[in-house]
Amino acid sequence: MLERAISNLLDNAVRYTPDFGEIKIECSSVTDQVRFAIRDTGPGFAENEIDRVFEPLFRGEMSWNRSTGGSGLGMTISERIIRRHGGELVVDNSSLGGALLSGWIPSVKESSRR
Ligand SMILES: Nc1ncnc2c1ncn2[C@@H]1O[C@H](COP(=O)(O)OP(=O)(O)O)[C@@H](O)[C@H]1O
Ligand SMILES: [Mg+2]
């Protein structure tokens, strides 16, 4: 399921970044969290989109005009999977332009903590 969550985000990065763009993926282990960040050099999110991208079937205005063939479910599914694992997914724009998807999941099972 986690593989699915991350691959939805990577599919978007690839799909919404133009040719010769760049996608940067960072992943690190910090205490009991695995943190990740995926940055791309595509158009990023419109101001009014950021709060809505986790809504089922939501697709950005630009996506309607383009033959990108998405269903508008990818981000919803990713967020739910990550939350169910006790983590968080945050949508933002990168200071370098483009989308920034970041978040974390616990690296230790709830039951084995302490
Ligand atoms: N990396 C990205 N860069 C720009 N816009 C994005 C990116 N990822 C998602 N989006 C926007 O968020 C919307 C929802 O994403 P998603 O749920 O994966 O649906 P879709 O099937 O359209 O890819 C997309 O339609 C697009 O407008
Ligand atoms: Mg998608």
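How many residues lie between β1 and β2 in their hairpin, and which residue in the turn has a positive phi? I will start there and then work outwards. There are two residues between the strands, and the residue in the turn with a positive phi, about 40°, is T31. Please keep in mind throughout that this is a predicted model.

T31 first. T31 is not a glycine, and yet its phi is positive. Most residues other than glycine have a negative phi. T31 sits in the loop between β1 and β2. Is T31 buried or exposed? T31 is exposed, because 8 other C-beta atoms lie within 10 Å of its own, and the cut-off for exposed is 12 or fewer.

F20 belongs with T31 here. F20 is also not a glycine, and its phi is positive at about 70°. The place of F20 is the loop between α1 and β1. With 6 other C-beta atoms within 10 Å, F20 counts as exposed.

Now the overall layout. The protein chain has three helices and four strands. In sequence order the pattern is α-β-β-α-α-β-β. Of the 114 residues in the protein chain, 24% count as buried. If we take contacts between residues at least 6 apart in sequence, 54% of them join residues at least 24 apart.

Next, the sheet. In what order do the four strands stand? The order is β1-β2-β4-β3, in an open sheet with antiparallel pairing. β1 and β3 are at the edges with a single partner strand each, so one side of each has no neighbour in the sheet. From one strand to the next, the twist averages 15°.

Going through the pairs, I begin with the hairpin from the opening. β1, residues 23–30, and β2, residues 33–40, run antiparallel and are joined by eight bridges. Within that pair, I25 has I38 in β2 as its bridge partner, and E26 stands opposite A37 in β2. β1 is hardly covered, with zero buried residues among its eight.

The next pair is β2 and β4, antiparallel, with seven bridges between them. One position to look at is V34, which stands opposite I105 in β4.

The remaining pair is β3 and β4, again antiparallel, with six bridges. Here D92 has L100 in β4 as its bridge partner. β3 and β4 also form a hairpin, with five residues between the strands, and in it G97 takes a positive phi near 90°.

On to the helices against the sheet. Which strands does α1 touch? α1 packs on the sheet and touches β1, β2 and β4, with its direction at about 15° to that of β2. α3 packs on the sheet as well, touching β3 and β4, and its direction makes about 140° with that of β3.

That brings me to the core. The largest nonpolar core has 16 residues, and those touching the most other members are L9, A13, A99 and L101. Elements that give two or more residues to this core are α1, α3, β3 (88–93) and β4 (99–106). The largest share, five residues, comes from α1. As for L101, if we leave aside neighbours within four places in sequence, its contacts are L9, I38, L89 and V91. I38, you may recall, is the bridge partner of I25.

Now the ligand. Which residues come nearest to ligand 1? There are 23 residues around ligand 1, and N12, G60, G70, G74 and M75 come nearest. Two or more residues of that shell come from each of α1 (2–16), α2 (61–65) and α3 (74–84). α1 gives the largest share, four residues. α1 therefore gives the largest share both to this shell and to the core. By type, the shell residues divide into 10 nonpolar, 11 polar and two charged.

One last residue, E47. E47 is found in the loop between β2 and α2. Why does E47 count as exposed? It does so because the number of other C-beta atoms within 10 Å is 8. E47 and N93 are 46 residues apart along the chain, and their C-alpha atoms are separated by 9.2 Å.

That is where I will stop.

How values were computed. Residues numbered from 1 in each chain as written. Chains lettered and ligands numbered in written order. Predicted model: local features only at pLDDT ≥ 70, side-chain atom pairs only at ≥ 80, totals over all residues. Near = placed C-beta within 6 Å. Nonpolar A, V, L, I, M, F, W, Y, C, P; charged D, E, K, R; others polar. Buried ≥ 20, exposed ≤ 12 C-beta atoms within 10 Å, placed from the backbone. Pairing = 2+ DSSP bridges. Core = buried A, V, L, I, M, F, W, Y, C linked by C-beta atoms within 7 Å. Contact = placed C-beta atoms within 7 Å. Axes fitted to C-alpha atoms, helices over the stretch in contact; angles between N-to-C directions.
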